[in-house]
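Visitor: I should like to go through this model with you in a series of questions. Please show the sequence and the structure before we begin.

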Amino acid sequence: MDEREHRLNDFERELTLLSRHFVASRGPRSGQSLDRSAYVLLTRLEAGEPLTLKQLAHTFQVGISTINRQVSAMLRKDLVERIPDPDGGMARKYRPTALGLERLRADRAIGLEGVARLIGATGWTERRTRDFVTLLGELNQGIERLEGLALARSEQGATS
């Protein structure tokens with residue numbers, strides 16, 4: 001294995017471990033009211049303009065039937081609402097309701113406790129943590145460009 005292959009192997013392993021650690025850090029979902037798909041969809045809808053089912057399916061690279069099922073469940077729970085396209089298009093768009101945003105923020109607060117535990121375990125300084133967030137943001141934005149995705153980011157969470 002040459003140096004490049006070794007580095008790619010290490011990178012893949014570390015991403016796999018990061019994914020596992022991140023999910024585990026959030027702990028049992030006690031106290032959280034949203035299932036994972038609702039949390040992810042609401043996070044995306046919170047960050048930008050209302051989206052159609054087709055746009056959501058493209059964003060998450062899943063089938064339209066999967067997104068339709070997830071959004072339908074969220075509609076029944078009053079987490080999102082269907083609205084006419086503000087630009088006059090034919091397709092309906094979806095945006096979070098006040099209840100959806102309230103539950104997202106409550107669940108996020110619980111999840112942030114887990115993230116704080118992860119960061120605390122590293123012993124990193126604020127600067128090192130900020131640098132890691134910047135690099136991670138650059139990685140995600142590069143992946144989004146590669147996949148033809150334009151994911152909205154809040155100004156507070158934006159990296160440069």
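Guide: A salt bridge is defined here as a side-chain nitrogen of Lys or Arg within 4 Å of a carboxyl oxygen of Asp or Glu. The model is predicted, so local features need pLDDT of at least 70 and side-chain atom pairs count only at pLDDT 80 or more, whereas totals for chains, interfaces and linings use all residues. Residues are numbered from 1 along each chain as its sequence is written, and side-chain values use heavy atoms, with hydrogens and water left out.

Visitor: By this rule, to how many salt bridges does the count come?

Guide: Side chains of opposite charge can pair when their charged atoms come close. Under the rule stated above, the salt bridges come to a count of 8.

Visitor: In what pattern does the chain run along the sequence?

Guide: Helices (H or I, at least four residues) and strands (E, at least two) are DSSP runs, numbered from the N terminus. The chain contains 6 helices and 2 strands. Read along the sequence, their pattern is α-α-α-α-β-β-α-α.

Visitor: Which helix supplies the largest share of the largest nonpolar core?

Guide: A nonpolar core is a set of buried Ala, Val, Leu, Ile, Met, Phe, Trp, Tyr and Cys residues joined through side-chain atoms within 4.5 Å; buried means under 20% relative accessible area, exposed over 50%, and partly exposed in between (1.4 Å probe, protein chains only). The largest such core has 17 residues, and L34, L42, L56, I67, V71, M74 and V80 have the most contacts inside it. Helix 2 (36-47), helix 3 (53-60) and helix 4 (64-76) each contribute at least two residues to this core. The largest share, 5 residues, comes from helix 2.

Visitor: Which residues does V71 touch, not counting those up to four places away in sequence?

Guide: Contact means heavy atoms within 4.5 Å. V71 is one of the residues with the most contacts inside the core. With residues up to four places away in sequence not counted, V71 touches L41, L53, L56, V80 and Y94.

Visitor: Which residue meets E46 in a salt bridge, and how far apart in sequence are the two?

Guide: The side chain of E46 meets that of R108 at 2.8 Å, N to O. This pair links distant parts of the chain, with E46 in helix 2 and R108 in helix 5 (residues 98-122). E46 is partly exposed at 29% relative accessible area, and R108 is partly exposed at 23%. The partner of E46 is R108, at a separation of 62 residues.

Visitor: What does the pair of R95 and E81 tie together?

Guide: The side chains of R95 and E81 form a salt bridge at 2.6 Å, N to O. R95 lies in strand 2 (residues 93-96) and E81 in strand 1 (residues 80-83), so the pair ties together parts that are 14 residues apart in sequence.

Visitor: Is E3, the salt-bridge partner of R7, buried or exposed?

Guide: R7 and E3 meet in a salt bridge at 3.9 Å, N to O. Both lie in helix 1 (residues 3-25), 4 residues apart, about one turn of the helix. R7 counts as partly exposed at 48% relative accessibility. With a relative accessible area of 65%, E3 is exposed.

Visitor: What part of the chain do buried residues make up?

Guide: The chain has 160 residues. Of these, the buried residues make up 24%.
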